[in-house]
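Biologist: Please give me a close look at one part of this model, the place where the chains meet, and set it in its surroundings. I would like the cut-offs stated wherever you use a term.

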There are 2 protein chains.
Amino acid sequence: MKRPLTPLDFVRRAIKLYPERTAILHGELRYSYRQWGERLWRLAHALRGAGIRPGDHVAVLSPNTHQGLLSYSAVPWAGAVLVPLNTRLTAPEYAFQLEFADVKLLLCDASLLGRAQEVAAALGIEVWVMGDEVAGQDFETRLREAAGDPLPFPLDLDEDSPITINFTSGTTSSPKGVMLTHRNAYMDGVGVLLYMNVTQDSVYLHTLPNFHVNGWGGVWAMQGVGAANVMLPVVRADTIYGAVERHGVTHMCAAPTVLSMLTDPASARSVPPILVATAGSPPHARIITDMDRLGFTVLQVYGLSETSPLITVAELSAEQEALPIAERAVLIARQGFEMVNAGEVEVMDTDMRPVPHDGSTLGEIMVQSNHVMLGYYKNPQATAEAFAGGWFHTGDMGCVHPDGRIEIRDRNKDVIISGGENISSVEVEGVLYRHPAVREAVVVAMPHDTWGEVGCAFVALHAGHEVTSEELTAFAREHLAGFKVPKRFEYLEDLPKTASGKFQKFVLRDTLWEGQARGVN
Amino acid sequence: MKRPLTPLDFVRRAIKLYPERTAILHGELRYSYRQWGERLWRLAHALRGAGIRPGDHVAVLSPNTHQGLLSYSAVPWAGAVLVPLNTRLTAPEYAFQLEFADVKLLLCDASLLGRAQEVAAALGIEVWVMGDEVAGQDFETRLREAAGDPLPFPLDLDEDSPITINFTSGTTSSPKGVMLTHRNAYMDGVGVLLYMNVTQDSVYLHTLPNFHVNGWGGVWAMQGVGAANVMLPVVRADTIYGAVERHGVTHMCAAPTVLSMLTDPASARSVPPILVATAGSPPHARIITDMDRLGFTVLQVYGLSETSPLITVAELSAEQEALPIAERAVLIARQGFEMVNAGEVEVMDTDMRPVPHDGSTLGEIMVQSNHVMLGYYKNPQATAEAFAGGWFHTGDMGCVHPDGRIEIRDRNKDVIISGGENISSVEVEGVLYRHPAVREAVVVAMPHDTWGEVGCAFVALHAGHEVTSEELTAFAREHLAGFKVPKRFEYLEDLPKTASGKFQKFVLRDTLWEGQARGVN
């Protein structure tokens with residue numbers, strides 16, 4: 001007997017089995033799963049009533065609100081495909097994505113209306129405004145006026161049809177529309193449940209922007225077991241610590257930059273045990289150590305938009321769990337092993353042969369998995385390139401340690417090639433992070449007459465700390481070969497990041513290459 | 001990107017990621033996952049070399065040995081379908097099953113050769129003999145002579161093709177061949193991993209006969225995370241406690257009759273924390289309480305051969321976990337909730353409408369799930385009946401409590417109809433189990449001139465205990481309405497059971513209905 005694999009089954013289960021438990025906590029507002037279910041049916045009915053047909057595309061532009069979260073379930077339940085939009089883009093970028101993705105309707109949070117309303121109007125796209133009681137008349141009125149009777153689980157759904165189209169998050173300048181299927185999202189959800197150990201008693205804080213690969217699956221998976229979802233529209237250390245204390249948070253997901261924010265001495269607090277899954281860029285061992293001391297257990301996972309996203313986990317054996325945190329942190333900082341639900345993850349050379357497990361030979365991380373997207377929307381060429389040889393090419397360069405752990409050494413294009421030697425920017429950054437004054441560090445390639453490229457470091461310091469370029473150079477020399485030591489240090493208040501907290505290396509690199517072409521290696 | 005859902009991916013992962021960890025412990029013998037992988041390739045190569053082709057059927061007849069376990073992975077890896085045979089059948093029964101299932105090759109443990117060799121020969125079926133070093137020449141020689149090079153993961157496998165054909169276990173007299181697909185078995189494995197929390201440090205004791213619905217998924221799932229498999233060919237309280245002490249067992253699966261054996265005062269011992277999943281028939285609250293006191297945490301799961309098998313779990317909230325064991329045991333004794341990976345489980349009336357959640361209205365448990373078999377082998381009519389209305393009909397009668405917990409009240413045919421009232425044999429047995437002298441209890445329908453049917457109890461007592469029928473009648477009257485109290489008590493040394501430890505109620509019932517027809521209601 002076939003039943004479509006879809007994360008909608010997680011949501012259905014919570015509404016059926018946990019009707020009186022808390023589904024949503026958002027400020028003063030609380031919805032039980034019974035109420036959540038009724039809102040879900042209402043939105044799905046409203047969408048159908050407004051002429052949304054199976055296969056239509058509906059975009060959502062919202063911070064982590066309960067209304068935004070609802071769209072991840074109600075839009076596909078109505079048979080449509082959700083297009084989550086990044087909240088930090090400009091009007092022309094929204095115009096491009098709305099048009100490119102053939103969006104029929106935009107669900108837009110009131111706070112972001114200014115940037116999207118005009119472009120939507122120009123494209124003839126209807127906008128429903130979500131927000132608080134006053135601003136949200138449009139959306140809430142439609143819900144109130146729609147039928148609240150349950151829609152049956154869509155047994156006839158094609159599990160290989162898209163549930164979302166997620167634009168890549170912008171570490172490169174050309175976003176592509178990643179089509180994730182119901183089956184992709186379901187299998188990712190299985191991994192979240194397996195490795196995060198959420199239960200009906202868990203309280204999950206939505207720190208990670210949900211438009212970022214569907215909150216790594218968190219927009220659905222937590223509902224599978226009836227956990228509570230704490231919505232957090234504004235992500236700062238004080239709002240996170242505030243929510244933790246107020247709601248008894250047990251689980252969260254966050255990019256390493258958010259961990260760095262939480263461990264900044266100016267805001268750090270001790271917490272009851274909280275599991276934090278982190279991904280997006282490799283977290284440095286020092287941050288893991290600092291988090292551990294505060295009470296957070298860091299679980300490093302790894303993936304990309306194209307892999308739904310989570311495919312590896314830095315799992316530890318019982319023996320490794322017993323190591324002192326400094327030793328554990330080194331292991332946790334590696335991307336680890338393919339998840340049991342995620343198919344195969346391999347590091348392969350250009351001939352697609354696995355690299356030796358020597359902890360140094362670089363290869364490209366490739367994936368053969370039910371987590372891998374259907375393809376890029378309206379871009380068959382990019383799809384074919386990404387799937388060459390029957391494996392998905394991540395573009396991430398890594399090595400494999402003797403124990404089988406995969407470690408990312410760099411994005412393909414972030415490797416610095418200096419006098420023919422490859423320098424891993426991640427390795428150099430890891431050393432800079434060990435300096436007590438350094439809060440954030442990014443190392444990128446800079447043009448150099450003799451060596452072709454050398455490293456340039458951009459650093460942001462902890463409040464009240466100072467350190468000179470000479471001191472940082474000397475510090476780096478103690479831990480790195482001379483050619484790897486950055487030849488220039490730049491100090492910034494904050495480093496540029498994407499909305500999901502990844503450093504935008506290309507922005508920094510562009511400042512160094514003005515008027516010169518840098519080939520992507 | 002599609003990758004076939006198959007439990008072979010679990011096995012592949014263990015061989016790849018945990019090569020030096022222990023795969024198998026069997027007496028003095030230990031195989032690492034590296035060695036296990038090599039044996040797997042050797043057996044798969046040997047099968048292909050012997051002319052086994054994709055889609056061919058290979059039977060295995062073996063107690064829980066490492067060689068038997070190997071066949072669950074190597075036979076499907078060679079592209080064939082495994083037919084696990086019950087170890088307690090007679091030669092004519094083996095003849096029927098081997099012929100009916102179109103078996104080409106039989107892998108037979110030396111200890112069981114006497115019952116199967118002749119019938120296999122008569123059917124022209126080749127036999128490979130498995131066993132210890134001396135007896136196992138045949139099988140081990142073939143492995144030694146076969147190539148040991150890895151066979152690639154079968155990416156072109158059809159996930160909806162059968163991986164096994166499991167004969168129903170014989171609580172009824174007409175066994176049917178249940179075709180379980182790779183996808184069925186994979187999804188069941190996901191449930192095992194989610195709810196049993198096995199890790200690479202777990203030590204799983206194979207107490208449950210693996211021919212019984214593929215050890216409830218245990219023949220593959222434990223390998224997904226690199227856990228150790230302790231093989232146990234002979235299942236007695238002393239061999240179980242012996243293995244627990246010797247190997248540091250952390251997880252096991254067992255039918256309630258095995259729990260009863262472990263809690264018998266004559267053999268009971270205290271153990272370090274062990275998770276025991278139990279299913280096969282509803283465990284009674286007293287046994288759960290006794291197990292808990294010894295150090296075993298009982299996780300009740302429920303399912304049938306046709307559902308791969310595990311579809312519900314008696315999960316508790318944190319608040320319920322904190323209850324005294326007597327109260328907890330009542331909740332654990334119920335079958336509970338559909339697993340998050342198992343689709344929908346409903347209790348429905350004859351018009352296929354869900355019954356009210358009142359803890360009393362009986363309906364049939366039905367399932368819509370990726371766990372549900374492809375169908376009965378060469379029995380389209382039985383398949384069509386079982387799938388009527390798009391749901392799989394379990395034949396189990398249950399109710400739903402106000403909190404959504406499903407509780408089995410009886411197999412359809414085990415309900416006793418007395419003067420028009422339905423009596424749940426399970427409910428009456430639960431009361432008898434509360435009497436300190438009672439080790440095992442089964443209640444079945446007995447013909448009665450006035451009431452049509454009344455209950456007759458068969459009981460086995462704990463060593464050194466005595467109790468009269470009058471005493472048991474008085475005890476039952478304290479807890480049950482008069483019409484539910486058994487009108488006759490029979491004392492046996494041991495109650496008849498199937499090889500997987502289920503009581504054979506039909507055997508006991510038949511003794512009461514000689515010369516009379518009893519309609520199945």
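Modeller: Before turning to the contact itself, I begin with some backbone details: P309(A) lies in the loop between β13 (296–303) and β14 (310–313) of chain A, where helices (H or I, at least four residues) and strands (E, at least two) are DSSP runs numbered from the N terminus. A cis peptide bond, with omega about 0 degrees, joins S308(A) to P309(A). In chain B a cis peptide bond likewise joins S308(B) and P309(B), again with omega of about 0 degrees, and P309(B) sits in the loop between β13 (296–303) and β14 (310–313) of that chain. Another backbone detail concerns D102(A), which is not a glycine and yet has a positive phi of about 55 degrees; its place is the loop between α4 (91–100) and β5 (103–109) of chain A.

This is a predicted model, in which local features need pLDDT of at least 70 and side-chain atom pairs count only at pLDDT 80 or more, while totals for chains, interfaces and linings use all residues. Residues are numbered from 1 along each chain as its sequence is written, chains are lettered from A and ligands numbered from 1 in the order in which they are written, and side-chain values use heavy atoms, with hydrogens and water left out. Chain A averages a pLDDT (the predictor's confidence in each residue, from 0 to 100) of 92, and 96% of its residues score at least 70. For the model, ipTM is 0.87 and pTM is 0.88.

Now to the meeting place of the chains. Counting contact as heavy atoms within 4.5 Å, 52 residues of chain B touch 51 residues of chain A. The area buried between chain B and chain A (accessible area, 1.4 Å probe, lost by two parts on being put together and summed over both) comes to about 4,000 Å², and carbon and sulfur atoms give 49% of it. On the chain B side, M1(B), R3(B) and V340(B) lose the most area to chain A, and together they account for 20% of what that side buries.

Charged pairs also cross the boundary: the rule for a salt bridge (a side-chain nitrogen of Lys or Arg within 4 Å of a carboxyl oxygen of Asp or Glu) finds 14 of them across the interface of chain B and chain A. One of these brings together the side chains of E338(A) and R12(B), at 3.0 Å from N to O. The elements of chain B that give two or more residues to the side touching chain A are α1 (8–17), α7 (182–196), β15 (337–338), β16 (344–348) and β17 (363–368), and α7(B) gives the most, with 7 residues.

The chains can also be compared as copies, superposed by least squares on the C-alpha atoms of residues with pLDDT of at least 70 in both. A rotation of 180 degrees, with 0.0 Å of shift along its axis, lays chain B on chain A with an RMSD of 0.1 Å, which means that the chains stand in the relation of a two-fold axis. Within chain B, the C-alpha nearest that axis belongs to L194(B), 2.8 Å away from it. The same surface serves both copies, since 98% of the contact residues of chain B recur in chain A.

For a wider setting, the salt-bridge rule gives 72 over all chains. Among them is the pair E245(B) and R269(B), whose side chains meet at 2.8 Å from N to O. That pair links distant parts of the chain, 24 residues apart, with E245(B) in helix α10 (residues 237–247) and R269(B) in the loop between α11 (256–263) and β12 (274–278) of chain B.
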